[in-house]
Amino acid sequence: MDTFTWKPVTGNDIEQTSTALNTRVEFGNGNEQVQRNSVNTKKTWAITFGGTSDQLVAMQSFWDNHSNGTAFYWTPPAPFNTQGTFRFANDTFDPKDKYGIGEDGTEFRIVGFTVKLTLRKVYP
């Protein structure tokens, strides 16, 4: 199984969400019934990643290869930094390009990017 190795962009918000997978029914008399559908919670991470134009090409390729639901290993940031199995929750890869003069000083091109991806933990 592949490993997602890109690091989040420092200074951007990391949104970690845990959702209980329950079915809740509320009756007309005010009573309710709750049934737990899974012993695991739904955990998602919305994180901004970034890097150079070469890293953009590599990340786009990784996303293309895993956007069909193929799982991969990833280690969330501390304090939740235990490697697990994840899938992309995004249906689109929409990087925000940063343009500038290349290192050789001769052409105007993409020199970096940021992209916000949501990764969803999957359980065996």
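This report walks through the fold of one protein chain, using a predicted model.

## The overall layout

Let's start with the parts list. The chain has eight strands and one helix. Read from the N terminus, the order is β-β-β-β-α-β-β-β-β, so you can spot the helix right after β4.

How much of the chain is buried? Of its 124 residues, 27% are buried. On the outside, the chain exposes about 8,200 Å², and 46% of that comes from carbon and sulfur atoms.

Now for the contacts. Take those between residues at least 6 apart in sequence: 63% of them join residues at least 24 apart.

## Strand β8 and its partners

A good strand to follow is β8, which covers residues 108-121. Strand β4 (residues 42-51) pairs with β8 in the antiparallel sense, with eight bridges between them. To find one of these spots, look for Gly51, whose bridge partner in β8 is Phe113.

Strand β6 (residues 84-88) also pairs with β8, again antiparallel, over three bridges. Here Phe88 sits opposite Leu119 of β8.

Then there's β7, residues 96-101, which runs antiparallel to β8 and is joined to it by six bridges. In this pairing, Lys98 stands opposite Gly112 in β8.

## The β7-β8 hairpin

What do β7 and β8 form together? They make a hairpin, and six residues lie between the two strands. Check out Gly105 in the turn: its phi is positive, at about 75°.

One handy tip while you look at the strands: in a regular strand, side chains alternate between the two faces of the sheet.

Key. Residues numbered from 1 in each chain as written. Predicted model: local features only at pLDDT ≥ 70, side-chain atom pairs only at ≥ 80, totals over all residues. Heavy atoms only, no water. Helix = DSSP H or I, 4+ residues; strand = E, 2+ residues; numbered from the N terminus. Buried < 20%, exposed > 50% of the residue type's maximum accessible area, 1.4 Å probe, protein only. Contact = heavy atoms within 4.5 Å. Areas by Shrake-Rupley, 256 points an atom, 1.4 Å probe, with all protein chains shown as cover. Pairing = 2+ DSSP bridges.
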